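Work through the following exercises with the sequence and the coordinates at hand, and try each task before reading its solution.

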Amino acid sequence: MTILTADSSDLAGARRSALPLWIGVAVYAFLLVAGDRLLNDPDSLWQVTLGQWIIDHRTVPQTDVYSFTMAGQPWISTQWLSQVLLAASYQLAGWAGPVVLSAAALAATFMLYARWLGQRLRGSTTLVFVAAAVALMAPHMLARPHVLAMPVMVAWVGALMAAADRRAAPSFWLLPLMALWANLHGGFVLGIALVAPIALDAVLAAAPSRRLSLLLRWGAFGVAALIVSCANPYGWHAILASQRILSLGAALATIGEWAPVNFSRIGAFEVALLAGFGLALWRGVTLPPVRILLLLGLVHMALSANRNIEVLALLAPLIIAAPLARQIGGAEARGEGPARGSAAGSLGAVAAAIALTLGGTLAFASLHRFAPHPANSPAAAVTELKKLGVQRVFNDYDFGGYLIANGVAPFIDGRTELYGESFVVEQNAAVRLKPPEKLFRLLADYNIDATLLRTEDAATHLLDHIDGWQKVYSDDVATIHLRRPGAVHSVEPKVTPAK
């Protein structure tokens, strides 16, 4: 009987140890099937193009080489390694490459996330956090550099929190993670910024006799992390680049992912926040002061910009897991501690997962052709635009990536930090005719030859009625107006009589 009980325990342990792996497989399969959605962002186009430029020139950009409005102006890419990986995957398999690469990065993220939480919380609680994170992150699961950096972010912050939970300092073997992060995405600055508050939490929780030595070890680690983060082609300038993005002010509000959260309609974020408040009130969950401040800081970031919701979804559970487990019951409370499954069983699960994902990927990719969303890819319009031979095109913000990918110099694109706050705000206002005079001032100041705007844009409809501008192409996605001094508008504006 004892032997049967032990075998049952080992089997249960093996199943628990395999749970993160199968979560990763499930996430990967879901994203592969919904792969076109990962290509919905127009920035994916210029990211791949820039990565190919880096591969071809064997160097990283120091100035703008794409637009005609900022040509030659200083600009660096703190995401250069991710861009190279995206471009290499595109070379290998077309758009299926970036989709598979991004889906794999997200699967790895959730594997690490579920494994870390599963070591502290019950399996059911871990699954709730995973499901919530998937729902919150879904809008920003895209084939872009931030996705490739997510596994590194979870591994880095998870290791820091694990050290704090042990009242110890993190290992210096973590530093290569920071070096990798600093070359994948500019979000590495957050990883450095989190060292200090997590160190303070660890020091305050330690015995008084150990606090000084622990503070010194965390301090040495923080300094080393800052130094290691400069191991990129731009050195410390990569840190300053992140500051320039955050200082764009009003320009960020014009970009959906940087805009503050809108609670006019109930969504996944509001549901998650209310559920968290409800749990805290129901179970009386308490946190140490520093962790409260960390949690509030992440909530503030998420409320300030939609793109930070994913940071809250992934990092908040890592911060609260240990104290939460002590208060509502953790993995050990129900015998769900470290699994004791056999190594052969673990290897078998890994082999099965690899075989399943590879086979599924090859089968699905052979049947489905991945492509960026047509709404951000005005293919027919750009073909006509090239025939016109124009050089200075005033384009919709979302069309910039497609223009770069097709060798046409854009007026503006997704590199907001290059263009600056006032430029981005003015372009956005001009397209929306706020006021109409702004559109004509930009067209004159930049000596625009043609416009490539969304067919439904307010500026497009106005140009239909302006002498000197001729509509030469239009479809459901984009419309081209060409500057022709002698052109007379052919469409009379519709005027609704006043009642």
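**Exercise 1: strand partners in the sheet**

R454 stands opposite A478 in β4, where strands (E, at least two residues) and helices (H or I, at least four) are DSSP runs numbered from the N terminus. This is a predicted model, in which local features need pLDDT of at least 70 and side-chain atom pairs count only at pLDDT 80 or more, while totals for chains, interfaces and linings use all residues. Residues are numbered from 1 along each chain as its sequence is written, and side-chain values use heavy atoms, with hydrogens and water left out.

Task: establish the order of the strands in the open sheet and the sense in which they pair.

Solution. Begin with β2 (residues 450–454) and strand β4 (residues 478–483), which pair in the antiparallel sense over 5 bridges; two strands count as paired if DSSP finds at least two bridges between them. Within this pairing, A450 stands opposite L482 in β4.

Next, take the other partner of β2: strand β1 (residues 393–395) pairs with β2 in the parallel sense over 3 bridges, and V393 stands opposite A450 in β2.

Then turn to β3 (469–474), which pairs with β4 in the antiparallel sense over 5 bridges. Q470 stands opposite L482 in β4, K471 has H481 as its bridge partner in β4, and a hairpin through 3 residues joins β3 to β4.

Put together, these pairings give an open sheet of 4 strands in the order β1-β2-β4-β3, with mixed pairing. The edge strands are β1 and β3, each of which pairs on one side only, and the twist from one strand to the next averages 20°, the angles running from 0 to 180 degrees between N-to-C directions of axes that are lines fitted to C-alpha atoms, for helices over the stretch in contact.

**Exercise 2: the surroundings of the sheet**

Task: explain why β2 is described as largely enclosed by the rest of the structure, and find which helix lies across the strands.

Solution. Start from accessibility, where buried means under 20% relative accessible area, exposed over 50% and partly exposed in between (1.4 Å probe, protein chains only). In β2, 5 of the 5 residues are buried, so the strand is largely enclosed by the rest of the structure. In β4, 5 of the 6 residues are buried, so that strand too is largely enclosed.

For the helix, α21 (436–445) lies across β1, β2, β3 and β4, and runs at about 145° to β1.

**Exercise 3: helix α2 and its contact with α3**

Task: check the length of α2 (residues 43–57) against the expected span, and describe how α2 packs against α3.

Solution. The expected span of a helix is 1.5 Å times one less than its number of residues. The 15 residues of α2 should therefore span 21 Å, and the end C-alpha atoms are 21 Å apart, which agrees.

As to its environment, α2 is mostly covered, with 11 of its 15 residues buried. These buried residues pack against α3 (80–93), α4 (96–118), α6 (145–165) and α18 (400–405), contact meaning heavy atoms within 4.5 Å.

For the packing geometry, α2 and α3 meet at an angle of about 95°, with their axes 7 Å apart. The two helices are therefore roughly perpendicular to each other, a class that covers 65 to 115 degrees, whereas angles under 35 count as roughly parallel, over 145 as roughly antiparallel and the rest as oblique. Among the residues that make the contact are W46, L50 and I54 of α2 and W80, V84 and Y90 of α3. The contact residues divide into 11 nonpolar, 5 polar and no charged; Ala, Val, Leu, Ile, Met, Phe, Trp, Tyr, Cys and Pro count as nonpolar, Asp, Glu, Lys and Arg as charged, and the others, Gly among them, as polar.

**Exercise 4: backbone details**

Task: locate the cis peptide bond that involves P435, and place R167 and L433, which have positive phi values, in their loops.

Solution. The cis peptide bond joins K434 and P435, with omega about -5°, and P435 is found in the loop between α20 (421–431) and α21. L433 lies in the loop between α20 and α21, and its phi is near 55°, a positive value in a residue other than glycine.

R167 has a positive phi of about 60° although it is not a glycine; R167 is found in the loop between α6 and α7 (175–184), and is partly exposed, with a relative accessible area of 27%. Finally, R58, just after α2, takes a positive phi of about 55°.
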